[in-house]
Amino acid sequence: MSEFWLISAPGDKENLQALERMNNVTSKSNLSHNTKFAIPDFKVGTLDSLVGLSDELGKLDTFAESLIKRMAQSVVEVMEDSKGKVHENLLANGVDLTSFVTHFEWDMAKYPAKQPLMNVVDTLAKQLAQIETDLKSRTAAYSVLKTNLENLEKKSTGNLFTRTLSDIVSKEDFVLDSEYLTTLLVIVPKSSYAQWQKTYESLSDMVVPRSTKLIAEDNEAGLFTVTLFRKVTEDFKVKAKENKFIVREFYYDENEIKREREEMTRLLSDKKQQYGPLLRWLKVNFSEAFIAWIHIKALRVFVESVLRYGLPVNFQAVLLQPQKKSATKRLREVLNSVFRHLDEVAAASLLDASVEIPGLQLSNQDYFPYVYFQIDLSLLD
């Protein structure tokens with residue numbers, strides 16, 4: 001499973017023994033793989049400041065998770081033709097995300113633990129805010145380019161009634177620069193080809209004999225040219241429609257067709273030029289954002305452990321990786337049982353959901369007798 005539970009318990013002898021019991025039970029029952037999660041000693045400050053910091057970290061955690069999800073989605077969108085290789089580009093410090101989480105080490109150079117906690121949190125918040133700002137500007141520019149290209153490409157798809165004809169027709173298909181003659185494009189159902197050949201010259205006066213030519217087909221119809229005198233154009237359109245032949249409005253403009261082709265070439269070139277730098281930026285900054293997110297998780301464990309277990313700072317953090325989804329309920333029961341002494345009232349309610357405690361409302365998602373945070377990497381799939 002790509003889900004992790006980050007928990008902590010007091011570091012006294014009784015609770016270290018409880019952690020050992022948890023490790024034995026979860027290992028024997030193959031419920032989870034457990035490893036110690038090292039968190040440095042920070043400058044605590046006052047408990048009041050930790051309460052405020054707890055709220056701040058909760059918001060920052062949510063923001064960081066949202067940001068890395070958006071960045072992962074951007075990688076998917078940019079790598080539209082190589083989606084099978086997306087996860088090769090979603091790395092943290094050059095390793096896969098699971099390996100980074102399970103071998104996490106606090107980055108002292110980037111986030112010095114000797115600084116006040118508020119300074120560390122502020123550094124993380126500013127870093128993530130800058131990444132989000134850059135993400136918006138970079139992906140917006142690429143998105144506009146991609147949309148314009150898709151709109152042009154869409155014009156070249158679809159049936160003969162809707163698609164552009166500039167890449168189908170050529171100058172030789174038309175009578176141009178004539179005061180009296182014009183060439184029309186007519187869509188004829190495939191089942192009516194014979195009827196068209198027999199009748200097009202008589203649909204109106206002044207149709208040039210043997211002037212029709214099939215220049216394109218789709219699954220249902222063909223596109224024919226026909227040359228006639230300009231003054232009978234409207235009459236010909238009406239008669240053609242009565243016979244289920246549809247005249248497609250089109251004016252051959254060599255300059256416009258050239259401009260459209262050049263625009264397609266330019267957009268393809270611009271997309272290719274932006275692709276490499278954008279993907280590299282996403283890879284580097286996804287890694288930075290993910291690393292920051294796990295540091296935020298570590299900070300949350302530290303702050304909540306101090307608030308719950310008190311001073312002096314003494315707790316042990318453990319990272320659990322549930323082995324399978326079907327075992328998470330049993331794993332939760334084991335944890336609640338092993339650590340029920342940390343909060344007998346809450347633990348009892350969690351172990352027996354039928355017990356109602358006056359004035360106390362708890363759910364399995366709201367409270368546990370130990371510090372608990374989830375790291376769910378499946379959100380990035």
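These entries record what I looked up in a predicted model of one protein chain.

**Overall form**

I began with the secondary structure and found nine helices and 10 strands in the protein chain. I then turned to its dimensions. The radius of gyration is 34 Å, whereas a compact globule of 381 residues would have one near 21 Å. Along the principal axes, the C-alpha trace spans about 105 × 45 × 40 Å.

I next looked up burial and surface. Of the 381 residues, 44% count as buried. The exposed area is about 20,700 Å², of which carbon and sulfur atoms supply 49%. For the contacts with a separation of 6 or more, I noted that 80% come from residues 24 or more positions apart. As to charge, I noted 48 positive and 53 negative charges, whose mean positions are 2 Å apart.

**Met79**

I located Met79 in the loop between helix 2 (47-78) and strand 3 (91-92). Is Met79 buried or exposed? Its relative accessibility is 4%, so I entered Met79 as buried, the cut-off for that class being under 20%. Setting aside residues up to four places away in sequence, I listed its contacts as Lys85, Val86, Asn89, Tyr275 and Leu279. Of these partners I followed up Tyr275: it is 196 residues from Met79 along the chain, and the two C-alpha atoms are separated by 8.6 Å.

**Lys297**

I found Lys297 in helix 7 (residues 254-309). I recorded Lys297 as buried because its relative accessible area is 4%. Which side chain does the side chain of Lys297 meet in a polar contact? It is that of Asp61, at 2.9 Å. Beyond the neighbours within four places in sequence, Lys297 is also in contact with Leu6, Gln374 and Ile375.

**Backbone geometry**

I then checked the backbone for exceptions, since most residues other than glycine have a negative phi and most peptide bonds are trans.

Leu311 and Pro312 are joined by a cis peptide bond, with omega about -5 degrees. I placed Pro312 in the loop between helix 7 and strand 9 (315-322).

Met206 is not a glycine, yet its phi is positive, at about 65 degrees. This residue lies in the loop between helix 5 (193-199) and strand 6 (213-217). With 37% relative accessibility, I entered Met206 as partly exposed.

Lys244, likewise not a glycine, has a positive phi of about 65 degrees. I located Lys244 in the loop between helix 6 (233-242) and strand 8 (246-248). Its relative accessibility is 63%, so Lys244 is entered as exposed, a class that begins over 50%.

Conventions. Residues are numbered from 1 along each chain as its sequence is written. This is a predicted model: local features need pLDDT of at least 70, side-chain atom pairs count only at pLDDT 80 or more; totals for chains, interfaces and linings use all residues. Side-chain values use heavy atoms; hydrogens and water are left out. Helices (H or I, at least four residues) and strands (E, at least two) are DSSP runs, numbered from the N terminus. The radius of gyration is taken over C-alpha atoms; the globule rule is 2.2 Å times the number of residues to the power 0.38. Buried means under 20% relative accessible area, exposed over 50%, partly exposed in between (1.4 Å probe, protein chains only). Contact means heavy atoms within 4.5 Å. Accessible areas come from the Shrake-Rupley method with a 1.4 Å probe; for residues, only the protein chains shown count as cover. Lys and Arg count as positive and Asp and Glu as negative; His and the chain ends are not counted. The place of a charge is taken as NZ of Lys, CZ of Arg, CG of Asp or CD of Glu. A polar contact is a pair of N or O atoms within 3.5 Å; within protein, one must be able to donate a hydrogen and the other to accept it, and residues adjacent in sequence count only if both atoms are side-chain atoms.
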